[in-house]
Structure formats: structure tokens, C-alpha cells
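Please follow the account below with the model open, taking the packing of the helices before the pairing of charged side chains.

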Amino acid sequence: MARPRKDPESLRRNNLKLRFTDSEYRDLKQRALIAGVTPSHYARETILGRRPKARSADRQILDRALYELQSIATNFTQLANATGDQSFDDWARYVGGDLIERLVDRPEILPVLEDGLARLNEAGQFINQLARQANTGKPLEENQAGDAIEAVREATAPLHEAIELARSDEGRGR
């Protein structure tokens, strides 16, 4: 499902290039990290005289996980387009749609999400490499498609287990 288009007035079209010393940039990144926002967001809010709104630690975990899953879905879509392999498209829809819907508004799954971020990132990097390879016209090796799907399957397995456990707990009225 595509994100709704923004109102033209809310689009950020103008750029401001700033240069920082290494220590200034480290300080900016640290302040942004503490606030739970990106350095760009922190700088924009500060320059405009606003206090950056900090995201909760839970929200940061969920955002990172959603970013990883959406990136994997995007790269699966690119693989499907480059190779014509429908299984990549199926996985793109699943990871970028169904799985994300199952994870949202499930705070009990956040510890599993946090523990699995590194694995999701590794699987995502692997899928990204394959997508870049396919996008440049280089054919995938015979086992790479299966390896890509298996990497995502393994990285998402703990999420599936946590979702099922949460559902069964709900069914028992916990």
C-alpha cells in the first residue's frame, strides 16, 4: 500500500547546505541520538527555534524494524522486476505489507524486534546486493534466489513466533 501524497505546502523542496567540523558533527549526531531523531530532523527543528520531539525508545525500535522490512520489500520488488521471478514479488508483498501490519500496535513484540534488528539488517543487505546485481543485468546464480528467500525467512522467524504467541495469549484472555 502506497503512502498518501503530501500536501504541496508541506513538501520540503528547499535545501540548505551546512558544513560542520568533525567535533560539531559528532555533537549534532549525539544530540539527535539522545532525542531519538535523525541529525537532519534535529538540525531543522533547532534552527527553526523548536525543540525536537523525542521519539520513545519503543517507537525507535519499531521505526528501525519497519525501515528494514520496507527496504527488504523494495529490494524484493526490484528483484522481481529484474528477473521476472514471481516469488520475489510475493515476498515483497508479504514482508512490506502483511508482516508489517501484524507488527504494528504490538508492544509485547518489541523485545523480539529489537533482538532481531541485526539479523533483519543482514538479510536486507544480502537482498540489496542481489537487487543491485540484477538491476545491472547480471544474472543471479542458481541458488541465490533461494538463499535470499531463506535469509529473510530465517530473519523473520522469531517475529512470526512472537506474533503467534501474542495471538494465543489474546485468545486466552491475557
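Angles under 35 degrees between helix axes count as roughly parallel, and those over 145 as roughly antiparallel. In this predicted model, helix H3 (residues 57-83) packs against helix H5 (residues 110-135) at an angle of about 25°, their axes lying 8 Å apart, and H3 and H5 are therefore roughly parallel to each other. H3 passes H5 in a left-handed crossing, and the residues of this contact comprise 16 nonpolar, 7 polar and 4 charged.

With helix H4 (residues 86-103), the axis of H3 crosses at roughly 160° and comes within 7 Å, which makes H3 roughly antiparallel to H4. This crossing of H3 and H4 is again left-handed, and the residues that make the contact include Leu-66, Phe-76 and Ala-80 of H3 as well as Phe-88, Asp-89, Trp-91 and Leu-103 of H4. By class, the contact of H3 with H4 has 14 nonpolar residues, 4 polar and 1 charged.

Asp-89 also leads to the charged pairs, for the whole structure holds 9 salt bridges, and one of them joins Arg-93 to Asp-89 with the closest N and O atoms 3.0 Å apart. Both residues lie in H4, 4 residues apart, or about one turn of the helix, and Asp-90 is linked with Asp-89 and Arg-93 in a network of salt bridges. Arg-93 is partly exposed at 48% relative accessibility, as is Asp-89 at 22%.

In H3, Arg-59 and Asp-63 are likewise 4 residues apart, and their salt bridge brings the closest N and O atoms to 2.8 Å. Arg-106 and Glu-108 meet in another salt bridge, at 3.2 Å from N to O; here Arg-106 is buried, with a relative accessible area of 15%, whereas Glu-108 is partly exposed at 42%.

Notes. Residues numbered from 1 in each chain as written. Predicted model: local features only at pLDDT ≥ 70, side-chain atom pairs only at ≥ 80, totals over all residues. Heavy atoms only, no water. Axes fitted to C-alpha atoms, helices over the stretch in contact; angles between N-to-C directions. Helix = DSSP H or I, 4+ residues; strand = E, 2+ residues; numbered from the N terminus. Parallel < 35°, antiparallel > 145°, perpendicular 65-115°, else oblique. Left-handed = near helix turned anticlockwise from the far one by under 90°. Nonpolar A, V, L, I, M, F, W, Y, C, P; charged D, E, K, R; others polar. Contact = heavy atoms within 4.5 Å. Salt bridge = Lys/Arg side-chain N within 4 Å of Asp/Glu carboxyl O. Buried < 20%, exposed > 50% of the residue type's maximum accessible area, 1.4 Å probe, protein only.
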